[in-house]
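The following exercises concern strand pairing and helix packing. Please work through each task before reading its solution.

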Amino acid sequence: EKQGGDGVKSFYVSTPIYYVNDAPHLGHAYTTVAGDVLTRWHRQRGEKVWYLTGTDEHGQKIMRTAEANDVTPQAWCDKLVEEAWKPLWEHLNIANDDFIRTTEKRHTDRVQEFVQDLFDKDQIYKGGYEGPYCVGCEEYKLPGDLIESEDGTKLCPIHKKPVELLKEENYFFKLSEYGPKLMEFYAANPGFIQPESARNEIVNFVKQGLQDLSISRSTFDWGVPVPWDPKHVIYVWIDALLNYATAVGYGANQEKFDGTFPADVHLIGKDILRFHSVIWPAMLMAQGLPVPGKVVANGWLMVGGEKMSKSNLTGIKPQDLTSHFGVDAYRWYFLRAIAYGSDGSFSWEDFSARYTSELANDYGNLASRVAAMVGKYFGGALPEATASGDAERAVQEGLARAVAAADLKIGEELDFQGGILAVFDFVKQVNGYITEQEPWKVAKDESPEGQARLATILYTAAESLRGVAVLLNAVMPDTSQKLWESLGAEASLGALADQRVGDAGDWGRLPVGSTVTKGAVLFPRLEEKPA
Ligand code: ME8
């Protein structure tokens, strides 16, 4: 087990580093939010987590975009990173530990060392290449992978745009030699590629035999110069994949590197599966470096039956949704509505309906009703549960079940939808409990027994909410914080982020006497849909 330097296990999660030819869209935010939820979850397990995101800034696509905008590629990247990418992650409350840019010296120097080393080990050679190239993918395509338009033009299957026939001198990495080793590795690590469909695709692909990989281009210069032959530049893939190593101190800070690398989870979309599950492990094997724990591919957010992309957008920016639904509901919605790994479509109507029924009615109302009743009947001081029976035991068990299920599904299986549903099933159970127990009727019974029952019901409900606040903190941190404060838990139990998932199901943590106040409404009623 890797150690984070002080004996605490480190858990390293990454997103793809995104191309900065344009501003981020819903698809990029989807992967990044998933990574943030995973990060916060593992932090609440008490693990030392390192969450990395960043931007991929080299290559022809970005160079052409900069040219079209009459600025240098560097100026273009600087502007997009500072004005679009970093601000969106801040807005979405992304708790990344670092943000790597492939134009940074800490990265480019190490990339040069890495390829020099591979060259010295005879893993890189110079050759000529002629073949179809997709600038959108920044990748040579195999002729068999292409699709044809109606007039017979060869198109990239992902970008649906014509490929360019390139003929130039390139350096190659001897990827073809790694096929058998990779097959052995996949067999020994069945969980390495997820979901299962992605694993099957890769195993079938590698089984057919691998071609050597072009790693340099010589007809443009927006890349990392090949150290021994600087009219070549290393372009996107070798350059980009190495971000996962250079950002955590590869070749620069050995202690940091040893305590963090390799990633436990690389979160990616299906489009870049081959790079992460074939090329990246082969590059690491070539250097005798450890390979990552898991590569987990999310499905596509779709629009009109097609993958949402920069050229094919819903017309809706993440900010349009957050300004209407709020940041927390945004973080929740995509993970709740779409099974991770499957494709899914976004619809404003579906988001509104789920917001109202699941967030506002089920969750938000429960929180405000409980706080209001503790205020009304007990002056806001959380009463003691002295008269628990079967109904209360069922709720206690429900919380323990929700904790176990959410921890397995979110923490281990990256089944965000399943984990969220487990918590919301518990929310429903608590709502059902209150409906059945009718505390507003019990309140009318002024006998000591009646008052003990009332106290027990309200303690049970408030303590349940304490568990819910902890379990939903990774997905909706601001909302959980509001609930936490309204339960008086900040004062009695300390910071929410310090609450451990492992303790969340221990019944009775919220101290009797905690000051419960009716805080801000967790999910305000939605305004009309903007025109
Ligand atoms: O590929 N649905 O960058 P990129 C879900 N620079 N996820 C989506 C999506 C959609 N419609 N559209 C994009 C690159 N994504 C390279 C990566 S990594 C060493 C280099 C997400 O800007 C998804 O995670 O094209 C996908 O893999 C990534 O954005 C691609 O971002």
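**Exercise 1.** Determine in which sense β9 and strand β15 (residues 294–298) pair, and over how many bridges.

*Solution.* Step 1: β9 and β15 pair in the parallel sense, over two bridges; two strands pair if DSSP finds at least two bridges between them. Strands (E, at least two residues) and helices (H or I, at least four) are DSSP runs, numbered from the N terminus. Step 2: Val295 in β15 is the residue opposite Ile193.

The model is a predicted one, in which local features need pLDDT of at least 70 and side-chain atom pairs count only at pLDDT 80 or more, while totals for chains, interfaces and linings use all residues. Residue numbers start from 1 along each chain as its sequence is written.

**Exercise 2.** Place β9 in its sheet and explain why one side of β9 lacks a neighbour.

*Solution.* Step 1: the open sheet has six strands, ordered β3-β2-β1-β14-β15-β9, with parallel pairing. Step 2: β9 (193–194) and β3 (98–101) are at the edges with a single partner strand each, so one side of each has no neighbour in the sheet.

**Exercise 3.** Describe the sheet that contains β13.

*Solution.* Step 1: three strands form an open sheet in the order β11-β13-β12, and their pairing is antiparallel. Step 2: β11 (216–217) and β12 (224–225) are the edge strands, each pairing on one side only. Step 3: two bridges join β12 to strand β13 (residues 233–234) in the antiparallel sense, and Pro225 stands opposite Val233 in β13.
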